[in-house]
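Please open the model in your viewer and keep the selection panel at hand. The stops below are meant to be taken in order, each with something to select and something to look for.

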Amino acid sequence: MSDGSGNNTPKVPLPEDARVALEALNPTADVSTQLHELVRLGLDELPLPGSGKTLQRWQTLALVAEHSLSLAKLFEGHTDALAILTELDTAGIELAGATWGVWAAETANQRVIIQPSQAAAVKIDGSKCWCSGAQALSHGLLTAWHADGRGPQLVRVAMDQPGIRVSSDAWRAVGMSASTSVDIAFSRVDAQLVGGVGDYLNRSGFWQGGAGIAACWYGGARLLGAALHDALCELPTSARGPFRLAALGKVDLALQRTAALLRNAAQWIDDNPLADASSVALRVRLAAEDCAKQVLDEAGRALGAAAFCRNARFAQAAADLPVFVRQSHAERDFAALAERLFSHAGKPWSL
């Protein structure tokens, strides 16, 4: 991208750039094609978390989510991968034009194993589930384990090589269906180590990136809130009624307080880029999850069945958002947040 001054110095895209690009996307294209278009335009070159422009990064994520939550799932994963690579290892990696996924889900019966090697170039075997977009992405960052049990260890993999089998047989989603979180089987596949054992979880950016997902949930909730607002604007004042107005008031409060918490969290991360952001991230994720549930409930009750049956964008977001927010760990995250309160001196809720 050019900065407009006659040289070719790259510039960080602004949220307004993303808004324009999203409006210009082919609405009939699948989300992987739309992701490639955003990458082609350089809209993925977001400010890094903790770089002083974290809010700008999250504003863009929210805009993409407001456009399409499935697209946001892939876009957030891709931009998270770029941030991880910048934080841990970008030497010798060609990033231009590549599309990335971050696949870190671990289950009891599925694990990727790194074969013994003295070099950064390794072979991997095994399987990984919940790999969003893997059918259409060029590269993946995934957690794996050394044969001696050490891990997790982040590795990067080019997806266009033999020994990789992608299966969507288990994918039965209705909400978030376009994000296509598939299973991948690896057999003697070439991969490269990224950082060291445990670096993926221990780096500062882990919780900073986790907080950014809340911006996506917020963007989806904002779409539903906007649908309610727009529907009431189209009605005569006398037809809006106290109950619909009350619903809009509740939606406004839920969105405003979540936006305020996101702004505060972004500022805290920028002020403390190397600090443990787990409490900040858990708090903003749980708030965004609660906001999403409340906005969906209030908007749905106020608008009735017509919104779910005759408004395609509302119906899609209403199906997608409950699935996306289940990336939260629910009560476990509340408990984890509570545990962290005991490690901080002073009063936790001072104004």
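Select Ala338, which is partly exposed with a relative accessible area of 34%; here buried means under 20% relative accessible area, exposed over 50%, and partly exposed in between, with a 1.4 Å probe and protein chains only. Ala338 belongs to helix H11 (residues 331-341), where helices (H or I, at least four residues) and strands (E, at least two) are DSSP runs numbered from the N terminus. If you add Asn109 to the selection, 229 residues away from Ala338 along the chain, the two C-alpha atoms are found to be separated by 30 Å.

Before moving on, bear in mind that this is a predicted model, in which local features need pLDDT of at least 70 and side-chain atom pairs count only at pLDDT 80 or more, while totals for chains, interfaces and linings use all residues. Residues are numbered from 1 along each chain as its sequence is written, and side-chain values use heavy atoms, with hydrogens and water left out.

Next, go to Leu74 in helix H4, which counts as buried at 5% relative accessibility. Not counting residues up to four places away in sequence, Leu74 touches Val31, Ser32, Leu35, Trp100, Ser132, Gly133 and Ser179, a contact being heavy atoms within 4.5 Å. Of these, Trp100 lies 26 residues from Leu74 along the chain, and the C-alpha atoms of the two are separated by 8.3 Å.

Stay with H4 (residues 69-88) and display H10 as well: the two helices pack at an angle of about 40 degrees, with their axes 9 Å apart. Axes here are lines fitted to C-alpha atoms, for helices over the stretch in contact, and angles run from 0 to 180 degrees between N-to-C directions. Which residues meet in this pair? On the H4 side they are Leu69, Ser70 and Lys73, and on the H10 side Ala317, Asp320, Leu321 and Phe324. By class, this contact has four nonpolar, one polar and two charged residues, where Ala, Val, Leu, Ile, Met, Phe, Trp, Tyr, Cys and Pro count as nonpolar, Asp, Glu, Lys and Arg as charged, and the others, Gly among them, as polar.

Keep H10 (residues 312-324) on display and bring in H8, whose axis comes within 11 Å of that of H10, the two crossing at roughly 145 degrees. The contact is made by Ala292, Leu296, Ala299, Gly300 and Leu303 of H8 together with Phe314, Ala318, Leu321 and Pro322 of H10. Its residues comprise eight nonpolar, one polar and no charged.

From H8, turn to helix H7 (residues 237-271), where a kink of about 65 degrees is centred on Phe243; the bend at a residue is the angle between axes fitted to the seven residues ending there and the seven starting there. The buried residues of H7 include Ala247, Leu248, Val251, Ala254, Leu255 and Thr258. The buried residues of this helix pack against helix H3 (54-67), helix H6 (205-233) and helix H8 (278-303).

The next stops concern the backbone. Most residues other than glycine have a negative phi, and most peptide bonds are trans. Select Met176, in the loop between strand S6 (164-167) and strand S7 (181-194): although not a glycine, Met176 has a positive phi of about 60 degrees. Is Met176 buried or exposed? Met176 is buried, with a relative accessible area of 4%. Arg188, in strand S7, likewise has a positive phi, of about 55 degrees, although it is not a glycine, and Arg188 is partly exposed at 47%.

Then find the peptide bond from Gly151 to Pro152, which is cis, with omega near 0 degrees; Pro152 sits in the loop between strand S4 (139-146) and strand S5 (153-158).

Gly198 follows, in the loop between S7 and helix H5 (199-202), and is buried with a relative accessible area of 11%. Thr143 is 55 residues from Gly198 in sequence and 9.6 Å away in space, C-alpha to C-alpha.

Finally, colour the cysteines. With a disulfide taken as a pair of cysteine sulfur atoms within 2.5 Å, the count comes to zero. Cys129 has its nearest cysteine sulfur, that of Cys131, 6.9 Å away, and counts as buried at 6% relative accessibility. For Cys216 the nearest cysteine sulfur is that of Cys291, 14 Å away, and Cys216 is buried too, with a relative accessible area of 0%.
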